[in-house]
Amino acid sequence: MQRLKQKKLIFITLGIFTPLAFTTSKVHAGSFGAEIFCSMRDSGNDHRSSWEAAYTYIKKQRGGIFKVSPRQAASQITETVIREREKFSYCIEYLDNLHPDRKLQRELQKEKKRKEKESNEEFSEETLERYSY
């Protein structure tokens with residue numbers, strides 16, 4: 001009976017402390033990721049190199065089974081810059097590059113899929129004609 005209570009206590013303890021551990025690393029990774037991004041941009045680096053450095057750091061700090069998507073990392077950087085507006089006041093102008101025009105991206109993806117579909121249809125028709133006797 002006492003062994004069962006010990007197991008329950010262990011699971012309850014893990015249940016409480018595990019989310020706290022993941023939350024704090026996420027906050028610190030996003031904060032320092034924002035610092036990397038903003039410092040590099042302010043130093044004159046282009047968006048791509050600054051973004052890749054910050055995103056690589058955030059991914060490395062997060063670790064674990066689930067990886068951070070680029071959208072999540074961009075959101076973390078944006079949240080940190082807005083939350084600590086006094087510290088990152090020089091960086092607000094660079095945030096628009098983190099969140100490009102989603103409508104334009106969707107339209108470009110639809111156009112790309114349409115072209116792929118058309119090219120696949122043309123290929124399938126050629127294949128049928130070539131092998132018909």
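How much surface does the protein expose, and what share of it do carbon and sulfur atoms supply? About 10,600 Å² is exposed, and carbon and sulfur atoms supply 57% of it. Accessible areas here come from the Shrake-Rupley method with a 1.4 Å probe, and for residues only the protein chains shown count as cover.

**Before you start clicking**

You're looking at a predicted model, where local features need pLDDT of at least 70 and side-chain atom pairs count only at pLDDT 80 or more, while totals for chains, interfaces and linings use all residues. Residues are numbered from 1 along each chain as its sequence is written, and side-chain values use heavy atoms, with hydrogens and water left out.

**Stop 1: the whole chain**

Switch to a cartoon view. You'll find four helices and zero strands, in the order α-α-α-α along the sequence. Helices (H or I, at least four residues) and strands (E, at least two) are DSSP runs, numbered from the N terminus. Of the 133 residues, 21% count as buried; buried means under 20% relative accessible area, exposed means over 50%, and partly exposed is in between (1.4 Å probe, protein chains only). Now think about contacts, meaning heavy atoms within 4.5 Å. Among contacts with a separation of 6 or more, 51% come from residues 24 or more positions apart.

**Stop 2: colour by confidence**

Next, colour by pLDDT, the predictor's confidence in each residue, from 0 to 100. The protein averages 78, and 69% of the residues score at least 70. Which helix has the lowest confidence, and which the highest? Helix 1 (residues 2-42) is lowest, with a mean of 69, and helix 3 (residues 70-83) is highest, at 91. Select residues 23-27: the pLDDT there is below 50, and beyond near neighbours in sequence this stretch has one contact in the model. Where pLDDT is low, the predicted coordinates should not be read in detail.

**Stop 3: the disulfide**

Show cysteine 38 and cysteine 91 as sticks. They form a disulfide, with their sulfur atoms 1.9 Å apart; the cut-off is a pair of cysteine sulfur atoms within 2.5 Å. The structure holds one disulfide. This pair links distant parts of the chain, with cysteine 38 in helix 1 and cysteine 91 in the loop between helix 3 and helix 4 (102-131), 53 residues apart. Both cysteine 38 and cysteine 91 are buried. Why is the disulfide called left-handed? The torsion about the S-S bond is about -75°, so it gets that label.

**Stop 4: a bridge between helix 1 and a loop**

Stay with helix 1 and pick glutamate 35, then lysine 87. Their side chains meet in a salt bridge (3.5 Å, N to O), a term for a side-chain nitrogen of Lys or Arg within 4 Å of a carboxyl oxygen of Asp or Glu. Here too, distant parts of the chain are linked: glutamate 35 sits in helix 1 and lysine 87 in the loop between helix 3 and helix 4, 52 residues apart. Glutamate 35 is partly exposed at 28% relative accessible area, and lysine 87 is partly exposed at 45%. Add Glu84 to your selection, and you have a network of salt bridges linking Glu35, Glu84 and Lys87. The structure holds five salt bridges.

**Stop 5: helix 2**

Zoom in on helix 2 (residues 47-62), where tryptophan 51 and tyrosine 55 lie four residues apart, about one turn of the helix. Are their rings stacked or edge-to-face? The ring centres are 5.2 Å apart and the planes are at 10°, so the pair is stacked. The rule is that rings of Phe, Tyr and Trp (its six-membered ring) pair if their centres lie within 6.5 Å, with planes under 30 degrees apart stacked, over 60 edge-to-face and the rest tilted. Tryptophan 51 counts as buried at 16% relative accessibility, as does tyrosine 55 at 14%. The structure holds two aromatic pairs.

In the same helix, select glutamate 52 and arginine 48. They form a salt bridge, with the closest N and O atoms 3.4 Å apart. Glutamate 52 is partly exposed at 39%, whereas arginine 48 is exposed at 59%.

**Stop 6: helix 4**

Finish with arginine 114 and glutamate 118, whose side chains meet in a salt bridge (2.6 Å, N to O). Both lie in helix 4, four residues apart, about one turn of the helix. Arginine 114 is partly exposed at 39%, and glutamate 118 is partly exposed at 37%.
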